[in-house]
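Here is a set of short exercises to work through with the model open beside you. Try each task on your own before you read its solution.

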Amino acid sequence: MPKKNTITTLLDMKKRGEKVSQVTSYDYSMARIADAAGINTILVGDSLGMTMQGYSDTLPVTMDEMVIYGRSVGRACKNTFVILDMPFMSYQASVEQAVRNAGRLMKETFANAVKLEGGKRVAPQIKAIVESGIPVCAHVGMTPQSANMFGGFKVQGKGEENARRVLEDALAVEEAGAFMCVLECVPPKLAALITKKTRMITIGIGGGAGCDGQVLVMQDMMGVGLEGDFVPKFVKRFAEVGKIMTDAYKAYDAEVKAGTYPDAAHSYVKSDCSDEFYARLDEEY
Ligand code: KIV
């Protein structure tokens, strides 16, 4: 019988050298399946701005939207630990703003932790949120909310100076109290070194195999998309759900148009009235 993942069981996994799995989910149906499959942690990422809302980046996502998506995921998770992203500009302005919004996400959803992007510069926010009793997952390296500063979604930590900066960011968020840290799009040796240097659980996405765990965006790993869509180098497709769905939609469309669906097997024939009744009804009206 699988047990509820908690901050303690997850940190124990790191101590035992066991890898931690994480996927993004944004709704009840998908989260239920991930939970039943034994995924350790779900991230309700602000990537939902792109995957669920069709924006080209995560910046437009609001607190209200995070609450709606987060609640649906939280309701689905019996064992999986749920982390909610704090959206752009919900924590950058001040420590007080960060604590209030982290508190709102915890009060209005079924989240177990919040995640915010940035290293040294958000360490005061992380410290205050943790002191309020809310577990924090940090996020360093390529932080999508700052993509405009990076000139796009680009690998971070390349070259000695940048590698040092990412390491110092990771150490700063650990010092502030984060229990977990996403390492996004950084060289594998740097991710492995950070993983060795910290008690935090490191979760890689484009950070190589040396992290304590891995996260993938559900649509990427499941192939929920269309042929020709851009696929980042680090993504491995574990299924071709988009293709399966396209084939199913085409088959449905064809059967509806041919009149072969619904047939008797998919109709409420048994509870139907007699032909005589319908003949009378026909005459009456
Ligand atoms: O928003 C998100 O889904 C994320 C992951 C890509 C780590 O931050």
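## Exercise 1: A lysine in the first helix

Find the partner of the Lys14 side chain: one of its polar atoms lies 2.8 Å from the backbone oxygen of Met200. Then describe the surroundings of Lys14.

*Solution.* Before starting, note that this is a predicted model, in which local features need pLDDT of at least 70, side-chain atom pairs count only at pLDDT 80 or more, and totals for chains, interfaces and linings use all residues. Residues are numbered from 1 along each chain as its sequence is written, and side-chain values use heavy atoms, with hydrogens and water left out.

- Step 1. The pair is a polar contact if its N or O atoms lie within 3.5 Å; within protein, one must be able to donate a hydrogen and the other to accept it, and residues adjacent in sequence count only if both atoms are side-chain atoms. The distance here, from the Met200 backbone oxygen to the Lys14 side chain, is 2.8 Å.
- Step 2. Place Lys14 in helix α1, residues 7–16. Helices (H or I, at least four residues) and strands (E, at least two) are DSSP runs, numbered from the N terminus.
- Step 3. Lys14 has 16% relative accessibility and counts as buried. Buried means under 20% relative accessible area, exposed over 50%, and partly exposed in between, with a 1.4 Å probe and protein chains only.
- Step 4. List the contacts (heavy atoms within 4.5 Å). Beyond its neighbours within four places in sequence, Lys14 meets Thr195, Thr198, Arg199, Met200, Ile201 and Asp212.

## Exercise 2: The faces of helix α2

Which residues of α2 are buried, and which exposed residues sit on the face turned away from them?

*Solution.*

- Step 1. Helix α2 covers residues 28–36, and its buried residues are Ala31, Ala34 and Asp35.
- Step 2. Viewed down the α2 axis, these buried residues fall within an arc of 100°, so they line one face of the helix. The arc is taken from the directions from the helix axis to the C-beta atoms.
- Step 3. Recall the general geometry: an α-helix has 3.6 residues a turn, so residues three or four places apart point the same way.
- Step 4. On the face turned away from the buried side, Ile33 and Ala36 are exposed.
- Step 5. The buried residues pack against β1 (20–24), β2 (41–44) and α4 (63–76).
- Step 6. Look at the ends. Asp27 caps the N-terminal end, with a side-chain oxygen 3.0 Å from the backbone nitrogen of Ser29. Just after the helix, Gly38 has a positive phi of about 95°.

## Exercise 3: From α6 to Ala178

Which elements does the buried part of α6 pack against, and which residues does Ala178 touch?

*Solution.*

- Step 1. In α6 (residues 123–131), Ala123, Gln125, Ile126, Ala128 and Ile129 are buried.
- Step 2. These residues pack against α5 (95–108), β4, β5 (136–141) and α8 (160–176).
- Step 3. Ala178 sits in the loop between α8 and β6, and is buried at a relative accessible area of 6%.
- Step 4. Leaving out residues up to four places away in sequence, Ala178 touches Ile126, Val136, Ala138, Val173 and Met200.
- Step 5. Compare sequence with space: Ala178 and Lys127 are 51 residues apart in sequence, with their C-alpha atoms 7.9 Å apart.

## Exercise 4: Unusual backbone angles

Where do Met89, Cys185 and Pro262 lie, and what are the angles?

*Solution.*

- Step 1. Start from the background: most residues other than glycine have a negative phi, and most peptide bonds are trans.
- Step 2. Met89 has a positive phi of about 70°. Met89 lies in the loop between β3 (81–85) and α5 and is partly exposed at 46% relative accessibility.
- Step 3. Cys185 has a positive phi near 45°. Cys185 belongs to the loop between β6 and α9 (188–197) and is buried at 12%.
- Step 4. Tyr261 and Pro262 are joined by a cis peptide bond, with omega about 0°. Pro262 is in the loop between α11 (241–258) and α12 (275–284).

## Exercise 5: The whole protein

How many helices and strands are there, and what share of the residues is buried?

*Solution.*

- Step 1. The protein has twelve helices and eight strands.
- Step 2. Of its 285 residues, 44% count as buried.
- Step 3. The C-alpha atoms fill a box of roughly 85 × 40 × 40 Å along the principal axes.
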